[in-house]
Amino acid sequence: MKASFCKYILAAALTASAGTMMAQDLNSGYFIEDYKYRHDMNPAFGNDQGYAAIPVLGNLNANLQGSLGVGDLFYANPDYGRVAGAKKTASFLHPSISADQVLSNLSKDGNSLILSMDVPIVSVGFKAFNGYNTIELRERTYMGISLPYEFFQFAKDLRNQSYSFDGMDVTTNDYVELGFGHSRQIFDNLRVGAKVKILLGGAYGKVSFDGVHANLQGDQWVIDGKARAELSMKGATFKEETKEYKSKPGTYKQVNDFNVDGAGIGGFGLGLDLGAAYKFKDCSVDWLNGMQVSLALTDLGYIKWSNTMVAESSGTPFVFDGFNNFDVKEGDGKTSFSDKSDEVGDRLVDFAHLENKGDEGGKSHGIGTTMRLGIEYPLPVYDKLTFGLLGTHRFQGDYSWSEARLSANCAPLGWLNGGLNVAFTSFCTTMGWVLNVHPKGFNIFFGMDHMVGKRGASMVPLDSNVSFNFGMNITWGGSKKSSKTLNTLTF
């Protein structure tokens, strides 16, 4: 039963682990002068050059982050080479993989996997109206998977008598964003910016578990609680299948898919980015001169969805008393193994299968807000070398995270800059780097917020924190003065 209970949740986690081709903000480039997409992290930042993104290649990225990686779910198989037919790797459920080995790699505060896809369709920046302006059209997709520590305990180790699966859910949100940004210098040492975004909802989905617990009562496990699925998408309806019980008369309907009757916009919303940057000049405290402090709040907003299809489990407690005393032989007057298995399977269906509850109407969901606070300081004896500290925090419920990134950056030439940094995140300690080439006529950049660590078969990263950024843009304008770079640290 444990394998059946775990199978579908783990399938979602593994699917997410495999799909890492995502685009996301490059925190390593936050203070890289003329890094074309830093206005997405703080709308107060402009660029020395105007630019237009090359379709698809403007800001290409592979990104995945979280505390749950492939290496937490698959291990070297101890039976490989000594048991016939044994494969080289095995899932954490394999009996030869010890519970202590599995649980030592997992967080007791919860285990999550987060994917954020940001695909720029159109991205243009230019100087006009006494400032710097941006127009962007991009598709954004977010997916989060959260699995509590006790879920893995129950799947692997039954020394406790009670387990709670609160906090287990899968969430996804897909929408198109049309943004208009403007930044300008309002005082000699203060620059501000804002970006207004029109949000067109594609789809929102969530599967969550409410009050699901497993309790040992005597010699049997009782699992109670409810599962709930929500889907907001234009023209979407749940697809139901009628099935027969195996051990008793009667039928039941279960949701096993969904249909979409025509494509369209499933919701509308508004978003707002706000940012400011203050540079100390002519300060009586001499060492403060040249320091810049910046603050930004991005993705303040929500989407109002036109419909919310809901499916729920019945909440009927599921009793599992194991397979002890099953008779594996047929025809001796005793309950056969297959009959008893059917009975257990029917009880599990009554507990776990989702029933269509219809449309609950429109609902609003936030898109997740990010706050960044940056401090940058030039080396007094060589102002082309700067140091930065950037703190970042993402507000998104169970999927909130923080990062602190400390960096050193150098701009040896007016058209070339880059930097190295170290980051301390909610999920790991890592290193990053960025290289930005921006002469007149074109721009190309490379960067990573997370260096690739240990890799398994087929070079698949075992850690869930991986990123790589690459972009090519057409540019125009810009001064001939030497660029200066600043970087940050993230909280």
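Two residues are in contact when they have heavy atoms within 4.5 Å of each other. With that in hand, start with the whole chain on screen: residues 24 or more positions apart account for 69% of the contacts with a separation of 6 or more. You are looking at a predicted model, in which local features need pLDDT of at least 70 and side-chain atom pairs count only at pLDDT 80 or more, while totals for chains, interfaces and linings use all residues. Residues are numbered from 1 along each chain as its sequence is written, and side-chain values use heavy atoms, with hydrogens and water left out.

**Stop 1: the whole chain**

Switch to a cartoon view. The secondary structure comes to five helices and 25 strands; helices (H or I, at least four residues) and strands (E, at least two) are DSSP runs, numbered from the N terminus. Of the 491 residues in the chain, 47% are buried. Here buried means under 20% relative accessible area, exposed means over 50%, and partly exposed lies in between, using a 1.4 Å probe and protein chains only.

**Stop 2: the nonpolar cores**

In soluble globular proteins, nonpolar side chains tend to be buried together. A nonpolar core is a set of buried Ala, Val, Leu, Ile, Met, Phe, Trp, Tyr and Cys residues joined through side-chain atoms within 4.5 Å. Select F92, L106, L147, F152, F154, F165 and A214: these have the most contacts inside the largest core, which has 36 residues. Elements giving two or more residues to this core include α3 (99-103), β5 (111-128), α4 (149-156) and β10 (220-233). Apart from it lies another core, of 14 residues, with Y30, Y51, A277 and F445 among them.

Now zoom in on α4. Seven of its eight residues are buried, so this helix is largely enclosed by the rest of the structure. To see them, pick Y149, F151, F152, Q153, F154, A155 and K156.

**Stop 3: N173 and its surroundings**

Next, select N173, in strand β8 (residues 169-187). Is N173 buried or exposed? N173 counts as buried because its relative accessibility is 6%. Leaving aside neighbours within four places in sequence, the contacts of N173 are R140, T141, Y142, A203, Y204, W305, G366 and I367.

**Stop 4: an enclosed space**

Stay with β8 and turn to the cavities. On a 1 Å grid over the protein atoms alone, a cavity is a set of points where a 1.4 Å probe fits but cannot get out, and lining residues have an atom within 4 Å of a point. Grid points are joined across faces, edges and corners, and a volume is the space filled by probe spheres set on the points. The count comes to three cavities of 30 Å³ or more. The second largest has about 40 Å³ of space. To outline this second largest cavity, select H39, P43, F45, Y132, T134, G181, H182, S183, A194 and K195. Which element gives the largest share of this lining? Strand β8 does, with three residues.

**Stop 5: a run of antiparallel strands**

Move along to strand β19 (residues 369-379) and strand β20 (residues 382-395), which pair in the antiparallel sense over 11 bridges; two strands pair if DSSP finds at least two bridges between them. They form a hairpin with two residues between them, and L373 stands opposite G391 in β20.

On to strand β21 (residues 401-413), which runs antiparallel to β20 and is joined to it by 10 bridges. This hairpin has five residues between the strands, and G397 in it takes a positive phi near 60°. Select G388, in β20, whose bridge partner in β21 is S407. G388 counts as buried because its relative accessibility is 3%. Measure from G388 to N409 in your viewer: they are 21 residues apart in sequence and 8.1 Å apart in space, C-alpha to C-alpha.

**Stop 6: two loops that touch**

Finish with G361, in the loop between β17 (355-359) and β18 (363-366). G361 is partly exposed because its relative accessible area is 23%. Leaving aside neighbours within four places in sequence, G361 is in contact with S306, N307 and T308.

Then click N307, which lies in the loop between β14 (292-305) and β15. N307 counts as buried, at 10% relative accessibility. Among the contacts of N307, again leaving aside neighbours within four places in sequence, are L231, D359, G361 and G362.

Conventions: 1 Å grid on protein atoms, 1.4 Å probe; cavity = no way out; pocket = protein on both sides within 12 Å on 5 of 7 lines; lining within 4 Å.
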